[in-house]
Amino acid sequence: MKILITGGAGFIGGNFCHYMVEKYPNDKFVCLDALTYAGNMETLADILDRQNFKFVKGNICDTEFVDQLFAEEKFDIVVNFAAESHVDRSIQNPKIFLESNVIGVQTLMDACRKYKVARFHQVSTDEVYGDLPLDRPDLFFHEDTPLHTSSPYSASKASADLLVMAYYRTYQLPVTISRCSNNYGPYQFPEKLIPLIIKKAQNNEKLPIYGKGENVRDWLHVLDHCSAIDLIIHKGKVGEVYNIGGHNERTNLEVVKTILKVLGKPESLISFVTDRPGHDRRYAIDPEKITKELGWKPKYNFDTGIVATIKWNLDNQAWLSHVESGEYQNWLKKQYKD
Ligand SMILES: NC(=O)c1ccc[n+]([C@@H]2O[C@H](COP(=O)([O-])OP(=O)(O)OC[C@H]3O[C@@H](n4cnc5c(N)ncnc54)[C@H](O)[C@@H]3O)[C@@H](O)[C@H]2O)c1
């Protein structure tokens with residue numbers, strides 16, 4: 001079996017490459033990544049010399065390049081992680097999100113059709129469902145919850161999901177989609193909440209929290225996301241959407257306070273900043289379908305997973321300092337200027 005993993009130099013794709021290369025030594029894996037600011041070869045350093053792994057630099061929007069790669073490699077399965085993934089960046093510059101997250105998906109699916117790939121799996125997000133009210137803890141996102149997006153990022157991901165289902169209906173392309181809640185774990189780029197807070201708290205810097213920190217996210221360890229995708233591509237039903245989540249809801253403030261407690265830092269570092277425009281209030285996934293139909297269960301709970309993640313960040317300072325390029329520093333200053 002030959003599997004293409006796009007976006008494999010990023011956070012979740014990188015963890016998925018490690019997970020799959022280790023678990024399936026007899027399969028072959030090709031990682032395709034454009035190495036944007038979020039992609040980092042150091043994330044793949046441990047597996048670059050494995051016989052069943054190969055890295056290729058390229059853009060999923062480049063039709064000619066994608067066509068040539070598919071012609072040469074003859075993939076059985078394509079798992080698409082490649083995307084612009086940060087909501088704040090999508091508010092600053094939506095265009096690149098439409099290019100990578102929509103046109104890129106169309107380009108990959110056209111190649112899948114042409115070269116008769118047995119499965120195209122689109123890694124989507126719970127953000128396509130919009131948000132839930134804070135005062136209704138009984139409500140959850142189900143696979144048939146209507147798409148109702150808030151940011152250019154989530155709108156681009158929802159557009160891709162619609163296109164994927166259209167390719168299934170129109171061309172009978174064998175597709176699956178997974179919609180996961182917020183991930184945390186090793187190799188996460190330090191613009192996202194958890195690694196950003198760990199880094200700043202360690203340096204005794206102010207911790208920027210949007211609004212009053214009341215927004216609720218449903219956290220899942222990245223390796224639990226990987227095991228869910230592994231199950232879907234091997235046992236999932238073509239044409240189906242699977243929600244992935246572990247019922248680990250926390251307010252942003254709770255997450256920050258937990259990190260401060262583990263690091264032994266004072267809560268006085270917390271600094272509330274102007275809220276993100278259109279900020280989603282609460283995400284909460286109902287994972288019943290993947291649990292019942294495919295037997296998926298998460299291994300981590302948030303309380304142990306966050307301690308392991310803090311430790312990983314403290315132990316991997318070299319990786320962190322290398323991914324923080326000049327471009328990232330400029331973005332950080334602009335984003336949190338107040
Ligand atoms: N991070 C989360 O909490 C989360 C939750 C649910 C779903 N997702 C989805 O999972 C996927 C991966 O997310 P992530 O957090 O690992 O993102 P990330 O930003 O860390 O990584 C994205 C990777 O894609 C690559 N990439 C971007 N545009 C590309 C292009 N045009 N061609 C080739 N490569 C390109 C980047 O170089 C990077 O390596 C995304 O599709 C995202 O929407 C993320």
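A residue is counted as near a molecule if one of its heavy atoms lies within 4 Å of that molecule. In this predicted model, 29 residues stand around the ligand, and I12, D33, S85, Y153 and K157 come nearest. By class, this shell has 13 nonpolar, 13 polar and 3 charged residues.

Several polar atoms of the protein face the ligand. A polar backbone atom of G10 is 3.0 Å from an oxygen atom of the ligand. From the side chain of S85, a polar atom lies 2.7 Å from a ligand oxygen atom. The side chain of S100 places a polar atom 3.0 Å from a nitrogen atom of the ligand. Taken alone, the ligand would expose 830 Å², and the protein buries 96% of that area. The elements that contribute two or more residues to the shell are α1 (11–23), β5 (119–125), α5 (152–171) and β7 (182–184). Of the shell around the ligand, β5 provides the largest share, with 3 residues.

The helix α5 deserves a closer look. It has 20 residues, which at 1.5 Å a residue should span 28 Å; the end C-alpha atoms of α5 are 28 Å apart, and the two values therefore agree. The expected span is 1.5 Å times one less than the number of residues. Within α5, the buried residues are Y153, S154, S156, K157, A158, A160, D161, V164 and Y167. Two of these names, Y153 and K157, also appear among the residues that come nearest to the ligand. The buried residues of α5 pack against two helices, α3 (87–92) and α4 (95–114), and against the strands β5 and β6 (175–180).

Just after α5 comes Q172, whose place is in the loop between α5 and β6. What is notable about its backbone? Phi of Q172 is near 55 degrees, a positive value in a residue other than glycine. Most residues other than glycine have a negative phi. Q172 is exposed because its relative accessible area is 57%, and the exposed class begins over 50%. A second case is N204, where phi is also near 55 degrees and the residue is again not glycine. N204 lies in the loop between α6 (193–202) and β8 (207–210). With 48% relative accessibility, N204 counts as partly exposed.

The strand that follows the loop of Q172 is β6, and S178 is found in this strand. Is S178 buried or exposed? Its relative accessibility is 0%, and therefore S178 counts as buried. Leaving out residues up to four places away in sequence, S178 touches H121, Q122, V123, S124, T125, I229, I232, Y242 and I244. With one of these, H121, S178 makes a polar contact of 2.8 Å between side chains. S178 and A228 are 50 residues apart in sequence, yet their C-alpha atoms are 8.6 Å apart in space.

A last example is T43, found in the loop between β2 (28–33) and β3 (53–57). Although T43 is a loop residue, it counts as buried because its relative accessibility is 1%, and the buried class covers values under 20%. Apart from neighbours within four places in sequence, T43 is in contact with A9, G10, G14, H18, Y187 and W319. The side chains of T43 and W319 are joined by a polar contact of 3.0 Å. Another of these partners, G10, is the residue whose backbone has a polar atom 3.0 Å from a ligand oxygen atom.

How values were computed
Residues are numbered from 1 along each chain as its sequence is written. This is a predicted model: local features need pLDDT of at least 70, side-chain atom pairs count only at pLDDT 80 or more; totals for chains, interfaces and linings use all residues. Side-chain values use heavy atoms; hydrogens and water are left out. A polar contact is a pair of N or O atoms within 3.5 Å; within protein, one must be able to donate a hydrogen and the other to accept it, and residues adjacent in sequence count only if both atoms are side-chain atoms. Accessible areas come from the Shrake-Rupley method with a 1.4 Å probe; for residues, only the protein chains shown count as cover. Helices (H or I, at least four residues) and strands (E, at least two) are DSSP runs, numbered from the N terminus. Ala, Val, Leu, Ile, Met, Phe, Trp, Tyr, Cys and Pro count as nonpolar, Asp, Glu, Lys and Arg as charged, and the others, Gly among them, as polar. Buried means under 20% relative accessible area, exposed over 50%, partly exposed in between (1.4 Å probe, protein chains only). Contact means heavy atoms within 4.5 Å.
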